[in-house]
Amino acid sequence: MIEGRTGSFEIVIGLEVHAQVISRAKLFSGAATRFGAEPNTEVSPIDAAFPGMLPVLNKFCVEQAVKTGLALEAEINLESVFERKNYFYPDLPPGYQISQYQNPIVGGGRIILDMPDGSSRAIRITRLHLEQDAGKSLHDQDPRLTFVDLNRAGVALMEIVSEPDLRSAEEVGIYLRKLRAILRALGTSNGNMEEGSMRCDANVSVRRPGAALGTRTEIKNVNSIRFLMQAVDYEARRQIEVVEDGGRVLQETRLFDSARGTTRPMRSKEEAHDYRYFPDPDLVPLVLDREWVEELKRSLPELPDAKKARFVKNYGLSSSDAAFLAGDGASAAYFEATAQGREAKTAANWVMVELLGALNRKGLGIAGSPVSAESLGRLIDLVSEGTISGRIAKEVFAEMIETGADPGSIVKEKGLFQVSDAGVIEEAVDAVLRRETDKVAQYRSGREKLFGYFVGQVMRATEGRANPALVNELLRKKLAG
Amino acid sequence: MSSLTALTLAEARAGLERKEFSARELTEAFLAAMAKARPLNLFITETPERALQMAQACDERRRRGAPLPLDGIPIAVKDLFCTKGILTTAASRILEGFTPSYESTVTEKLWQSGAVLLGKTNCDEFAMGSSTTTSHFGPTLSAWRRAGDNRPLVAGGSSGGSAAAIAAHAALGAIGTDTGGSIRQPASFCGVVGIKPSYGRCSRWGVVAFASSLDHPGPLAKTVRDAAILLSAMAGHDPKDSTSAPLPVADFEAALTGEIKGLKIGIPAEYRVPDMPAEIDALWQSGIAWLSEAGAEAVEISLPMTRYALPAYYIIAPAEASSNLARYDGVRFGLRVEGGSVDEMYELTRAAGFGAEVRRRVLIGTYVLSAGYYEAYYLKAQRVRALVARDFAKAFEKVDLILTPTAPSPAFAVGEKSDDPIAMYLNDVFTVTADLAGLPAISVPAGLSAEGLPLGLQLIGRAFAEETVFRAAEVLEAAAGFHHAPAFLASGEP
Amino acid sequence: MALDKTALRRVALLARIRVEEGELEALAGELSQILAWVEELNEVETEGVAPMASPAVSRLPLREDKVTDGDCREAMLLNAPKTTRGFFVVPKVVE
């Protein structure tokens, strides 16, 4: 819900995600799919639509699409049809894109959103189909010319279309992260929006609660999840304003301007589009064996939802912590390695709060972490064995993240062992109580909040190394006395 | 050497085997004949140097005692087949200067069999036409003339250059493509044999596409045997063409046993169209008699959808063409007319690059696929196509082959039907059905019209039953005894 | 259904073929005649008949995921009317 001047509005969003399929060769040609090659070096005469060239379908791309469909709990259509979507554009050499229209390879499925409050919500997937990517047009190399590179032309894409079930920019973000996690878990797409291996168009409309669907606009040209959330928010507010001003929302395609954070209508002529889909006569319907599909189903890796459930069940994590960790394959694996033979919740906290926080500040991914899961595990062990206190552990961790050093060595080198010698701690407690006579008096007259202050003073006096349990015990005894 | 060009392909093959002449001598004879036939405008590109090189290689192989099946046989190739390093135009201005970096599967197979390339023959632009008059390079003229009338006649089309080249003895064999009748109708007009094999028999890879679900590469030749020899070399499964049939290819020449006793020949009542000249009907009756005398049994059949095949074709073929020809946009190859914007460049390039008939079909095709018309035109036509195929399937439960005239008329004069597209389209009324259904169909020269022009009869077979088609066609050919020479040759062999 | 000048303009735009204003009338007439002729198909009862897209007999073949093509930029650019630094070049496209 968004509040307008005249009441609240509901945002209705459907997403069309284009995910580049991971494969060696293109969907219909034997040219390579490597990212970042010299312009037009990964182009076959088929991709460049030379006269007489014909498409032959890549089996692995079909497998990738079916696996993705299965992971979305979707219906796999054993017969699907490739059609031509006809339009002219310089980076679309044949003047048509081979896509699927009436009979896609994957039908209805769903994605479960893990909401921040720990609840979940299912978003319906309308379909998933296979199609070819276009080449790249470079408009910024020359004031009067557009340069065309066909390396990407013909690379396989999965278009994953959701029903208009999303209700906020936040849900859009959760949906895309979840979808990306699934694709990555499967190894069917990198799902990287910044690199363009995943692209997303959003259909956005607004309505008064309970009213019929409003006119939607389609937002294109967004290259990060954050920008898409921003674009959806902007677009919804813009539409609400239009409606509240008594205007009508026009059905149109709008481009997101990331510099301004706004959307604007596309300048090219929309009315010139009539895609004239028809079955590609160079291809016959794709028929899959049920047995082959079943085999793929059996070979699927553990997916984020199953992983989350296992993390809750086996490790006793909260639903939201489990969802968070299961949502990223690398984090999940790191967590599991860290939690091996240790208290799982403690391990989860270390991974989610300390490790990911520190990596985030350094702009690193988990793969680039200077601290290995084994190393973090040993640090946790040092705390649980009582060798160091939790507070010291954070200091040690800060050192580890900088140098990658082993926690044991850091503790040894810096002499950070926890002091559990009651005599030494008692000395420190006595010293603090002698010094802070005023506060001791206040405490004894009822200001029990001061207890924490005394703990802090003792810890400071022992450079944080005092065993906190012993400090508490001694302080309580002496203050009572 | 003057008689070398008069040989059939099988005779030339035997002469080469017996070393009566070399491949080089044979090729030189044809290059000379081509030069003499230039007034007929048979070729868009002649490739004499390539031909002599290839012939030389053939002779060397033969000297080593390792000849290939077609070693030294000079053939002409419709300019719709992409040939590596050789100009390929589809007879269109829009492919001006286009030199492919690849070789079509069919031509590659022919070269692998030792055939020699004489040149690329003229055809209707993008194979759209029935007269080889829509070519950007001007019309091909037939080697034939009406008795007592010197007006130039069309060679038929779209593979008119290929058919006329054989008739003019400027090639020993030729290859063409048949989408609505483009091999059989020019074969009929020029008094030569032409077969459109089953859909999927010959690869479409490297053939400039007109209508993908209808395009059939196939051979044209002087005799049924020659056509069988060529088809054996051209046919076969091609993993690069997803619609290629994964079936083994028989030795079609071996099927020519002369034995057709007991074959049932269907005679479809619906092919007796209202305006058909009596002489064509009479020839058809002769054909029935010839086959019956050889032991086959004529059976009346009904193909009720026949008259709807042509209108269905003129929706489906333009629809596919409108999409297949979208790649001619001035960006990567061929003609480009600069414009202020990319769309203007497209529009000017395509307006200048396509001739009137291609433009007509691309526009019709675009229209029938566009929103609101797809169901009424395109899907309707595809349903009728299914009914046409169903007609044949039913008929082939009762008969082995179907005999019909190839075309409703003999060749007409250049310019005669050019202002009425529909009159031109009606040329394909008997041939288009086999294209829609993907069935093998051959045209055999069977007689002359009253004006002295060749007329062909067509035999249609079950899918992939080319052997039966060839066998009966040879019997028909022998019975018809067509040995007439066109005016061009009567004026003196080279 | 007759194709009028307005419809023809739209079709020509979709097909990206410039048809000069002076040609529209005649061409629309010609195409309308062809359309009127193909509309004979409406006489045919096709209820329940599945459309036939192709006579092809095989199942759609699938190829292995191997790099077997590409890496031939020179051949790709050889026939191009205009190239720069390995790119195809067209007049600027405005989005």
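## Briefing: a buried glutamate and the C–B interface

A:E131 is buried (under 20% relative accessible area, 1.4 Å probe, protein chains only). A:E131 has no salt bridge (a side-chain nitrogen of Lys or Arg within 4 Å of a carboxyl oxygen of Asp or Glu). The nearest side chain of opposite charge, A:K85, is 5.9 Å away. The model is predicted: local features need pLDDT of at least 70, and side-chain atom pairs count only at pLDDT 80 or more. Residues are numbered from 1 along each chain, and side-chain values use heavy atoms.

**Around A:E131**
- A:E131 sits in strand 8 (residues 120-132) of chain A; strands are DSSP E runs of at least two residues.
- The side chains of A:E131 and A:H129 share a polar contact of 2.8 Å.
- Contact means heavy atoms within 4.5 Å. Residues that A:E131 touches, not counting those up to four places away in sequence, include A:H18, A:Q97, A:S99 and A:E159.

**Chain C against chain B**
- Chain C gives 53 residues to the contact and chain B gives 69 residues.
- About 5300 Å² is buried between the two chains, as accessible area lost (1.4 Å probe), summed over both.
- Carbon and sulfur atoms give 68% of that area.

**Charged and polar pairs across the interface**
- The rule finds 7 salt bridges between chain C and chain B.
- B:R359 forms a salt bridge with C:E23, with the closest N and O atoms 2.9 Å apart.
- Polar contacts (N or O atoms within 3.5 Å, one able to donate a hydrogen and the other to accept it) link 17 residue pairs across this interface, both residues at pLDDT 80 or more.

Methods:
Chains lettered and ligands numbered in written order. Helix = DSSP H or I, 4+ residues; strand = E, 2+ residues; numbered from the N terminus. Buried < 20%, exposed > 50% of the residue type's maximum accessible area, 1.4 Å probe, protein only. Lys, Arg positive; Asp, Glu negative; His and termini not counted.
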